[in-house]
There are 2 protein chains.
Amino acid sequence: MGYVTIIRPLNCAITFVSVLVGAWITTGFIYTPQLILAGMIGFIVCAFGNIVNDLYDIEIDKINNPDRPLPSGKVNKKIVISLALFFFIISILFSISLGLPVFLLVLGVLILLFIYALYFKKTIAGNFVVSIITGLSFILGGIVENNSACIFPFLFSFFIHMPREIIKDVIDIKGDKSAGIISLPILLGKERSFNISALLLGILCILLPLPYIMKILHLQYMIVVLIFAYPMIIYVIFRLLKKPQEPVLAKLSNLLKISMAAGLVAMIL
Amino acid sequence: MGYVTIIRPLNCAITFVSVLVGAWITTGFIYTPQLILAGMIGFIVCAFGNIVNDLYDIEIDKINNPDRPLPSGKVNKKIVISLALFFFIISILFSISLGLPVFLLVLGVLILLFIYALYFKKTIAGNFVVSIITGLSFILGGIVENNSACIFPFLFSFFIHMPREIIKDVIDIKGDKSAGIISLPILLGKERSFNISALLLGILCILLPLPYIMKILHLQYMIVVLIFAYPMIIYVIFRLLKKPQEPVLAKLSNLLKISMAAGLVAMIL
């Protein structure tokens, strides 16, 4: 089972769906072999990123997540490295068939994931890089189906993931400090981190109605956003501004995840 | 690792390549998203077939192959069943995007694999069914790229796998008898099974030059077949007619596998 959990399959499945959403936004369901292949490439690239991440985190995870496949010894490190290499190669090989822009995007993300695990993660740029990478799955779908509206899920994804990553870094302050990682909350302090997160979510609130105002998405999008996404996001903003304690933070992080899901549903309606 | 070995990844990878070869024969390298997606569907369908097979063989494998993931208890049966169901569903969903003929072929093979594990395997039709299914990966590639020449790898595959399966059944006579399976060698005896295998390989020898004679494939195909495939196949035919003993049989089965590989290389040259 270790070789399955190490790729974080749910994570990869969400990436697959995100690629489809990047193509579906404004157009409705498109179901071409190109798009499904792109989704599968997204799945494989995500698996690659998760494996590389775990490979570089073995020592930290021995303390933070001793149950993960690598630190617990459930999987063989050499096989895991081969698996990462295999995913790297086939995602590049497969992407070639989808044309130069897709190939370059996939290659770029693969390299970025590698650099992220190796270097960025330990810097304050880490949150930014991972939030960008996460959103690029929408861009992949958009490129494949020539759908420029994919910029919206990309932006929404960025402005949800960035504050989420910062909140998660607040939770991890202790572990990160002992590992010598300088995260944003360690550099600027909890309070300023909460303010930045709230600000980013505030920008998201301004961006959310744009596709409706620009007549790119229908009224049902706006209704779902108003009923499901806005209340959660605004609640999170208010809680953040009140300097919440640790037990609340995990809950806020989850609320953002749910509001992202609501936004995705709204966009493909 | 059990969840990886249970799908028999090498087997699945060969199916992936077979799909490509079904499109590449006579045309050279084609590398479209459709074809790669079809290859991946072939991979997943093969994984499904291998899992279903292992699920129905748990009791027999406790005796014959106690190290396999299921009888050894390395994997959870319920998770394995969910995995099979998952592969079943996504291979159907993905195949829809490739059009009705591909969808019907994939659906048909999935059902056939299921019936094979459940019923055919225990009958003398088992060898026939599995040899047909194995060859259908070439047909899948041919359909996707509209390449009717895929009929040749399909035929060659059938006339190599059928005798191979019969030879493997001769090796398994003891285990099959105790499991109540009536295989071809059990029904007709070893000698007649060897003769039938030799006959099928004889037909293969007649079929092999056809694509060259019909000017569908170039001279390099014929040269590779003459140098690599023919000597091995003819050697196997002669050994079979001499009623070989068990230790030789596994070797003959492997020789057929290698000659199949040589044939594949010849066809895409």
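1. Let's start where the two chains meet. In this predicted model, chain B and chain A bury about 1,600 Å² between them, and carbon and sulfur atoms give 81% of that area. On the chain B side, B:Met1, B:Tyr31 and B:Pro33 are the ones to look up: these residues supply 33% of the area that chain B buries against chain A, more than any other three residues.

2. Each partner brings a matching number of residues to this contact: 18 residues come from chain B and 18 residues from chain A. It is also worth knowing that 100% of the interface residues of chain B are interface residues in chain A too, so the copies meet through the same surface.

3. What about polar links between the chains? The count between chain B and chain A is 2 residue pairs in polar contact, while the rule finds 0 salt bridges across that interface.

4. The symmetry is easy to state. A turn of 180 degrees, with a shift of 0.0 Å along the axis, lays chain B on chain A with an RMSD of 0.0 Å. The two copies are thus related as by a two-fold rotation axis. If you would like to find that axis on the screen, try B:Leu37: of the residues of chain B, B:Leu37 comes closest to the axis, with its C-alpha at 2.8 Å.

5. Next, have a look at the nonpolar core. The largest one holds 102 residues, and A:Phe94 and B:Phe94 touch the most other members. Which residues does A:Phe94 contact, leaving aside its neighbours within four places in sequence? In chain A they are A:Leu37, A:Ile41 and A:Ile44, and in chain B they are B:Phe16, B:Tyr31, B:Ile36 and B:Met40. You have met B:Tyr31 already, as one of the residues named for the area that chain B buries against chain A.

6. Within chain A there is a second interface to consider. Chain A is divided into domain 1, residues 1-146, and domain 2, residues 150-269. The centres of these two domains, taken over C-alpha atoms, are 21 Å apart. Domain 1 of chain A puts 22 residues into the contact and domain 2 of chain A puts in 24 residues.

7. Between them, domain 1 and domain 2 of chain A bury about 2,100 Å², 78% of it on carbon and sulfur atoms. In domain 1 of chain A, the residues that lose the most area to domain 2 are A:Ile25, A:Ile124 and A:Asn127, together 28% of what that side buries.

8. Finally, the polar side of the domain interface in chain A: the rule finds 2 residue pairs in polar contact between domain 1 and domain 2, and the count of salt bridges between these domains is 0.

Key
Residues numbered from 1 in each chain as written. Chains lettered and ligands numbered in written order. Predicted model: local features only at pLDDT ≥ 70, side-chain atom pairs only at ≥ 80, totals over all residues. Heavy atoms only, no water. Core = buried A, V, L, I, M, F, W, Y, C linked by side-chain atoms within 4.5 Å. Buried < 20%, exposed > 50% of the residue type's maximum accessible area, 1.4 Å probe, protein only. Contact = heavy atoms within 4.5 Å. Least-squares fit on C-alpha atoms with pLDDT ≥ 70 in both. Domains from an automatic or database assignment. Buried area = accessible area lost by both parts, 1.4 Å probe. Salt bridge = Lys/Arg side-chain N within 4 Å of Asp/Glu carboxyl O. Polar contact = N/O pair within 3.5 Å; in protein donor to acceptor, adjacent residues only side chain to side chain.
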